[in-house]
Amino acid sequence: MKLAVVGATGLVGSEILEVLSEHNFAFDELLLVASERSAGKKIAFKGTDYTVIGLKQAVAEKPDIAIFSAGGATSSEWAPQFAEAGAIVIDNSSAWRMDPTKKLVVPEINGKVLRIDDRIIANPNCSTIQMVLALAPLREKYGIKRIVVSTYQSVTGTGKDAVDQMMAERKGEEATMVYPYKIDLNVLPHIDVFQENGYTKEEMKMINETKKIFGDDSIQVTATAVRIPVMGGHSESVNVEFHKDFDLDEVKQLLSNTPGVVVEDDPANNIYPMPLNAHKKDEVFVGRLRRDETQPNTLNMWIVADNLRKGAATNAVQIAEYLVDHSMV
């Protein structure tokens, strides 16, 4: 097993290495890959120093699996070259998610769609992953008619430069502006670029990806994506209308029995999910479970997860684990 991590010097790349270590993912050879300007850098992994190599050299090495977290432009250009060289590419960018020829995978939900000839596999958007994982068991039981979601997203979703901007502003220092406005002590209802319909690209990702992952275009989804000055994870307020009525205790039981989901729902003791507690954890945390009293069959939920973990690195590693476990590599 020859494993490549493309974008190894970035925030998500670093997280992928942590998850590989924690999950004890087995490989014989590890290739740490980045842009040519990063080639030659040293990265320590499990007590060994690895030299970062460029993309061209990595393709020539013919890895079995290549986990990409290097942005859409890099993925669009290089993922096909890795695939042609025999690698299975697991891509974290938005480049392939809505390509009808590519699978969009959250292993716990739709890993079964993967086939041995899938050469480029798309990792969904971070906000989508945590939402659909929490909704999947409820959809199976009650059927989903409509989802209204508002996100409260960590600056880590934008990358290291955004973290640097926020921390500089917090110290009262001059900041290199990644966002169009100050982010510390502020809220930006603007993630990614605005589309002609007035929604941002991030909002449309959640709408379209949810339908693709569930394989159900009848689900109505509307989203508002908001950047807030926190680190540790993304939070989401989700209002979901089911086709069938539900029992709240049964909802909690279904979620509690779902692998990768942790229910934190004890308002009497101020227990509910927060990004501060989700940081560096693989699970998706769900709380504030309550009926929407304005219409039937409708539930309110609060969903939190570390966007660099289950929202990116962990899900990608889990796809790789699924491929290995099902002898697709």
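The largest cavity in this predicted model is lined by E264, P273, M274, N277, A278, K281 and F285. Four of these lining residues are nonpolar, one is polar and two are charged. The volume enclosed there is about 30 Å³, and the count of cavities of 30 Å³ or more comes to one.

Let's turn from closed space to open space. Rolling a probe the size of a water molecule over the atoms shows where empty space is left. Here the largest pocket holds about 1,200 Å³ of space. It is lined by 46 residues, and the closest to its centre are V12, G71, G157, T158 and G159. Which elements give two or more residues to this lining? They are α1 (11-22), α3 (72-84), α6 (160-170), α7 (201-214) and α10 (309-325). Of these, α1 gives the most, with three residues. If you are thinking about the chemical character of the walls, the lining of the largest pocket divides into 23 polar, 15 nonpolar and eight charged residues.

The second largest pocket has a volume of about 250 Å³. Its lining has 14 residues, with E108, I109, N110, A136 and E140 the closest to the centre. Two or more lining residues come from each of α4 (107-110), α5 (126-142) and α7, and α5 supplies the largest share, five residues. By class, this lining has eight nonpolar, two polar and four charged residues. You may recall α7 from the list for the largest pocket; α7 appears in the list for the second largest pocket too.

Now let's go back to α1 and α10, both of which help to line the largest pocket, and look at how they pack. Two packed helices are described by the angle between their axes and the distance between the axes. For α1 and α10, the angle is about 50 degrees and the axes lie 9 Å apart. Angles from 65 to 115 degrees would count as roughly perpendicular and those under 35 as roughly parallel, so α1 and α10 are oblique to each other. The crossing of α1 past α10 is right-handed.

Which residues meet where these helices touch? On the α1 side they are V12, E15, I16, E18, V19, L20 and E22, and on the α10 side R309, A312, A313, T314 and V317. Taken by class, this contact has seven nonpolar, one polar and four charged residues. V12 is worth a second look in your viewer: this residue of α1 takes part in the contact with α10 and is also among the residues closest to the centre of the largest pocket.

How values were computed
Residues numbered from 1 in each chain as written. Predicted model: local features only at pLDDT ≥ 70, side-chain atom pairs only at ≥ 80, totals over all residues. Heavy atoms only, no water. 1 Å grid on protein atoms, 1.4 Å probe; cavity = no way out; pocket = protein on both sides within 12 Å on 5 of 7 lines; lining within 4 Å. Points joined across faces, edges and corners; volume = space filled by probe spheres on them. Helix = DSSP H or I, 4+ residues; strand = E, 2+ residues; numbered from the N terminus. Nonpolar A, V, L, I, M, F, W, Y, C, P; charged D, E, K, R; others polar. Axes fitted to C-alpha atoms, helices over the stretch in contact; angles between N-to-C directions. Parallel < 35°, antiparallel > 145°, perpendicular 65-115°, else oblique. Left-handed = near helix turned anticlockwise from the far one by under 90°. Contact = heavy atoms within 4.5 Å.
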